[in-house]
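Trainee: I have a model open and would like to learn how to read its features. Could you take me through a few of them?

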Amino acid sequence: MTNIGSYADRLTNFDWSLAERELGYRKGDPINIGWYCSDRICQLGMAEKKALIWEDFHGTSKTYTFGDLRVLSNTIASYLTGLGLAPGDRICLFLDRVPELYIGFLGILKMGGIAQPLFSAFGEDSLFTRLDNAKTAAVITQRKHVAKIRKILQQLPELRHIIVIDPDGPPLREREIGFRLDQAPRVENFAVHPTTAESPSVLHYTSGTTGQPKGAQHVHYSLISQYLTAKWVLDLRPDDLYWCNADPGWVTGTSYGIIGPWSNGVTQVVLDAGFSTERWYSLIQKHRITVWYSAPTAIRLLMREGTAVARKYNLSSLRHLCSVGEPLNAEAVLWSKEAYGLQFHDTYWQTETGSIVITNVPGMPIKPGSMGRPFPGITATVVDPKTFEPIESTATVGLIALRPGWPSMFRTYWNNRVTYEGKFKNGWYICGDRASLDVDGYFWFVGRDDDVINTGGHLVGPFEIESALLEHPAVAESAAIGKPDAVNMEVVKAFVALKPGFQPSDELDLEIMNFIRKKLSPLAMPQEIEFVKSLPKTRSGKIMRRVLRAQEWGEPIGDISTLEND
Ligand code: WTA
């Protein structure tokens, strides 16, 4: 029997208050995610239960109980408060997947701060854009990432503290302060800030087509959705050993790499190391992982290695598999059945939705290639792109639309109300993805409705790449698009027109790629650069990425009547 039981039964009379009751929450009560993920689990008698089994690249391992989570997150919360940081302050986590990232997240929430997790692979430009936009008050980081912050520090007057968790070594500089969690006096009791349902909790930056990345702002009430979806979709149970591949720099790594499992009192494994088939299978075998939340790019990489490698390991502990981030192709679902005897269950959602909204819940027949059906409590449909009215006929492609109001929906884009409001049409939240519905109400993903590049499940905004490209002395103008890729679905390709006096060359090609990798991130780095004389533009001067993309994908170009230089 699964946690959700019958999907059909759950649809009728569904009410989110069911999750509120399970969590012992009543409207108007304080609600603090940090407290729910640690103190409450201890109150339920699980202080001695393992919460986190952490392993790094070298195989070094550390284990933390829920009791440890409680006390250590208190310790961080109290330290942050002692520095003068106040509720509502944005506190960034700029860390590899070290225990301090997970415990720090809870600590920030406990003192009422807004957690702003960012990938530690970000270069100084990506970092600057997000810290500047959020007017971040403090960053918690590691020694090895400090240099990137130093480069932009003078342009960030609001950034008061750079907290370095491994301070040994050369002296720290301006605004930097060392804090070792394992040596700090343990704080048994901390007065958790009485955040309420609508108090801001997490700020996750996500890319759009235009402008710089936007901060999707969530609130503590999101817990209701995250708790219940983790229980019903990931099917998490008390004796599970759960593994989520995602980095908390990405929303999957917070909603389901922290909040979902821990609010359910479930033990999770974190691997602070990159992808390797053998390493991953060894981890599953060693810890007897039962529930695994992964992503299509990783699954395709595993597929490439074949089922024989999978057979070398004892993976029999696995009982439930889920995937998120990109279209999960039918082949991957069929292959996983062959390799692990289990099908991956696709889940669809976004930074903005905060939790899974369309999915294959356990027990529901899977149609390989389909994302499944709406989670109970979510009203989802596809709408006409012009009228924003639901499309009645099946198999007609429209825009995925959700009826606003579920608990974990983002409350705004930080400092950008206008863009937030622009996401709502005719009473629907428009996700920005195209899909169709079949007669059984299953959603079939078609593609994004904008120019955002989805590489290995991570969204990269073309504007951010193009802005960074323009900082290179040789670049006159540029356009970034997604190019088809067998493993990552898309990789970044840049079209570059050079300034007079510069000639295309292999060296310049490499130099520009590395320039972007350092400034933005390895993900945003173009895998290919095509030097062109000029770029297709509209008469008003806007670069038509659509034309370049169509060429790359061999698709029809569509209406180019506004093209300037055709
Ligand atoms: C895409 C990730 C196809 C989609 C949690 C969405 C998917 C964007 C799926 C959000 C899926 C996510 N099938 N596409 N199952 N899941 N996407 O904000 O384009 O990083 O809008 O959140 O990823 O990406 P984000």
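Mentor: Happily! Contact means heavy atoms within 4.5 Å. Axes are lines fitted to C-alpha atoms, for helices over the stretch in contact, and angles run from 0 to 180 degrees between N-to-C directions. Helices (H or I, at least four residues) and strands (E, at least two) are DSSP runs, numbered from the N terminus. This is a predicted model, where local features need pLDDT of at least 70, side-chain atom pairs count only at pLDDT 80 or more, and totals for chains, interfaces and linings use all residues. Residues are numbered from 1 along each chain as its sequence is written, and side-chain values use heavy atoms, with hydrogens and water left out.

Trainee: Which strands does helix H5 lie across?

Mentor: H5 (residues 66-82) crosses strand S1 (50-56) and S2, at about 85° to S2. Helix H6 (residues 99-110) also packs on the sheet, where it touches S1, S2 and strand S11 (267-272), and its direction makes about 20° with that of S2.

Trainee: What is the strand order of that open sheet?

Mentor: Two strands pair if DSSP finds at least two bridges between them. Here 9 strands follow the order S2-S1-S11-S10-S12-S13-S14-S15-S16, with mixed pairing. At the edges are S2 (61-65) and S16 (373-374), each pairing on one side only. Within the sheet, S12 (residues 291-294) and S13 (residues 320-324) run parallel, joined by 4 bridges, and Ser 294 is opposite Ser 323.

Trainee: Is H6 largely enclosed or exposed?

Mentor: Buried means under 20% relative accessible area, exposed over 50%, partly exposed in between (1.4 Å probe, protein chains only). In H6, 12 of the 12 residues are buried, so the helix is largely enclosed by the rest of the structure. Among them are Glu 100, Tyr 102 and Lys 110. After H6 comes Gly 112, with a positive phi near 90°.

Trainee: How far does H6 reach from its first C-alpha to its last?

Mentor: The expected span is 1.5 Å times one less than the number of residues. With 12 residues, H6 reaches 17 Å, close to the expected 16 Å.

Trainee: Which way do the residues of strand S4 point?

Mentor: In a regular strand the side chains alternate between the two faces of the sheet. In S4 (residues 114-117), Ile 114 and Gln 116 point one way, Ala 115 and Pro 117 the other, and all are buried. S4 pairs with S3 (residues 90-94) in the parallel sense over 4 bridges, and Ala 115 is the bridge partner of Ile 91.
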